[in-house]
Amino acid sequence: MGIFEGKKGLILGVANDRSIAWYIAKFIMDQGGVCGFTHLADADEAKQKKNRHRVEKCVEQYPEQTKFLVPLDAQSDQSIAEVMATAKKEFGEIDFLLHSIAFAKLDDLKVDSIATSRDGFKLAMDISAYSLLAVCNAAKDILKKAKVDDKREEVLEAGASVLTLTYYGGERIVPGYNVMGICKAALESCMKYAAYDLGIDGIRVNALSAGPLKTLAGSAAGVGEFQPVYKQMAPLQRIVTHEEVGRTGGFLLSTMSDGITAETVHVDGGYSEMGTPGRLLDKYRA
Ligand code: 0WD
């Protein structure tokens, strides 16, 4: 029996079959879970259709375990509320919620951080950090509350788990990641405060900090350039895979991680713990 047997939840942020959210969703569904998905909304009908089609191609592989696919614009409270209403109708309560959403304009990513436009900063923060708070708040009535004994000593039934995706550029300076690094610092803080707010009901909120992976968002943020550095510097001497991130994401959304909340878990081959460039220096010793 899979660890997600009988569990249901929401996956926000699949763009295509390379998306991190898709790998986490696949792990969940392979373990018996049922998911509701969103695709990126767009005012332009043709563009929205294209966005939907890309996600449809993914979810079609799991017809039994896909409950719905609806549009989401993370900048709109109404759109978020509509997604939650659909989830309530289809699922009642949910056991897991994945937030795997980020966006910044290329024009803002390409310039020095100090040259970020005011509008671009607001846009990137709104979609990439604030949306976690908005989603948690809109979902709080459907996120399953834990059942505990009177003394809060024993968990009789586990509460829901929320997970967001972050990157090391939110903790340390990663040249090129720029405004998105600033957003990730805010996102990680949002995650911790949300973990406090929802913790009283036994609902957990965590972040997974993934190493650089080639995806639509990843390519825009320049991950192609970071990958060779990771390969030479990380203790594991390789780049992590989509599957590895999918498995840890699944673990954090499952009851297997039931004592973990307000935490950022790194899936980066150990890169973020290096204090010097390590074996990368060998290149310069020769
Ligand atoms: O190396 C990487 N790829 C890493 C990504 C390393 C560490 C963290 N991450 C993070 C990203 O910053 C993001 O938070 O993982 C998350 C998922 O990113 P991804 O899987 O790398 O990229 P992608 O497949 O592009 O999914 C992000 C999606 C959007 O894709 P596009 O490319 O269409 O913008 O976020 C969604 C959208 O589906 N999204 C939105 N959803 C609703 N409303 C919005 C929005 N306004 N904007 C973007």
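Start by selecting the ligand: of the 27 residues around it, Ser19, Ala74, Lys184, Leu213 and Thr215 come nearest, where "around" asks for a heavy atom within 4 Å. Before you go on, note that this is a predicted model, with local features needing pLDDT of at least 70 and side-chain atom pairs pLDDT 80 or more, while totals for chains, interfaces and linings use all residues. Residues are numbered from 1 along each chain as its sequence is written, and side-chain values use heavy atoms, leaving out hydrogens and water.

Now show the polar contacts (pairs of N or O atoms within 3.5 Å). At Ile20, a backbone N or O atom lies 2.8 Å from a ligand oxygen. Move to Ala217, where a polar backbone atom is 3.0 Å from an oxygen of the ligand. Then pick Asp73: one of its polar side-chain atoms is 3.5 Å from a ligand nitrogen.

Next, colour the shell around the ligand by class: 18 residues are nonpolar, seven polar and two charged. Here Ala, Val, Leu, Ile, Met, Phe, Trp, Tyr, Cys and Pro count as nonpolar, Asp, Glu, Lys and Arg as charged, and the others, Gly among them, as polar. Select α7, which gives the most to this shell, with three residues; helices are DSSP runs of H or I with at least four residues, and strands are E runs of at least two.

Finally, look at the aromatic rings. There are eight pairs, counted when ring centres of Phe, Tyr or Trp (its six-membered ring) lie within 6.5 Å. Select Phe4 and Phe96: their centres are 5.4 Å apart and their planes at 80°, so the pair is edge-to-face, a label for planes over 60 degrees apart. Phe4 lies in the segment before β1 (8–12) and Phe96 in strand β4 (residues 96–99), so the pair ties together parts 92 residues apart in sequence.

How values were computed. Polar contact = N/O pair within 3.5 Å; in protein donor to acceptor, adjacent residues only side chain to side chain. Phe/Tyr/Trp six-rings, centres within 6.5 Å; stacked < 30°, edge-to-face > 60°.
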